[in-house]
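Hi,

Here is the structure I promised to pass on. Have a look at it first, and then read my notes below.

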Amino acid sequence: SCHVRVSVMAAGCTSYLVPTTVTDAYWVFVESPSATRDDVERIYGKWLVFQPTSRIDATWKTIYEAVISGQLQAPRAKCSTSRDNPNAGPGKNPSKVICVYTSREDLELVGLQLIYLVKETIRYKPNEVTRRAMYSHTHKGPLTTRTLYWNDGNPQISEERKL
């Protein structure tokens with residue numbers, strides 16, 4: 001299944017699901033058909049694309065198709081759904097998030113490919129931060145190590161920030 005109740009997904013998940021129509025799972029997933037076990041094991045973190053609920057389906061479709069086609073060289077991605085996620089903070093959050101996973105080595109390459117798809121600022125969060133259960137509603141201070149600014153079609157990446 002390409003949507004699951006926990007943060008584990010079946011390998012080779014390529015069935016497209018519309019995020020705002022899913023209410024029984026926190027995430028929908030896609031995995032690149034060319035992703036190897038090594039690619040998945042080397043995942044270091046993810047680029048975060050925040051979108052209002054009104055735009056999440058269209059943005060997810062663009063990213064989903066780019067992962068499947070190989071235009072976006074990420075081994076996997078996931079998108080939040082209509083189900084309220086306790087890790088998103090208390091109350092109804094008007095924005096949703098898409099996570100595009102990368103290795104440390106491919107962080108900048110995938111970031112540049114992604115920003116040309118979404119044409120807006122994106123941020124990078126290492127998985128270690130997530131493993132330590134650090135979320136915006138539970139932690140004061142920055143949670144991301146890099147920011148990639150769209151800058152009117154001239155992307156600029158920030159220096160790496162230590163957390």
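The second largest pocket holds about 170 Å³ of space. A pocket here is an open set of points on a 1 Å grid over the protein atoms alone where a 1.4 Å probe fits, with protein on both sides within 12 Å along at least five of seven lines; lining residues have an atom within 4 Å of a point. The volume is the space filled by probe spheres set on the points, which are joined across faces, edges and corners. It has 15 lining residues, and Asp-39, Gln-73, Ala-74, Pro-75 and Asp-106 are the closest to its centre.

Bear in mind that this is a predicted model: local features need pLDDT of at least 70, side-chain atom pairs count only at pLDDT 80 or more, and totals for chains, interfaces and linings use all residues. Residues are numbered from 1 along each chain as its sequence is written, and side-chain values use heavy atoms, with hydrogens and water left out.

Now for the inside. The largest nonpolar core (buried Ala, Val, Leu, Ile, Met, Phe, Trp, Tyr and Cys residues joined through side-chain atoms within 4.5 Å; buried means under 20% relative accessible area with a 1.4 Å probe, protein chains only) has 27 residues. Trp-47, Ile-63, Leu-72, Val-100 and Leu-114 touch the most other members. Helix 2 (a DSSP run of H or I, at least four residues, numbered from the N terminus) gives the largest share of this core, 6 residues. Apart from this core lies another of 7 residues, including Trp-27 and Tyr-101.

Cheers

How values were computed. Buried < 20%, exposed > 50% of the residue type's maximum accessible area, 1.4 Å probe, protein only. Helix = DSSP H or I, 4+ residues; strand = E, 2+ residues; numbered from the N terminus.
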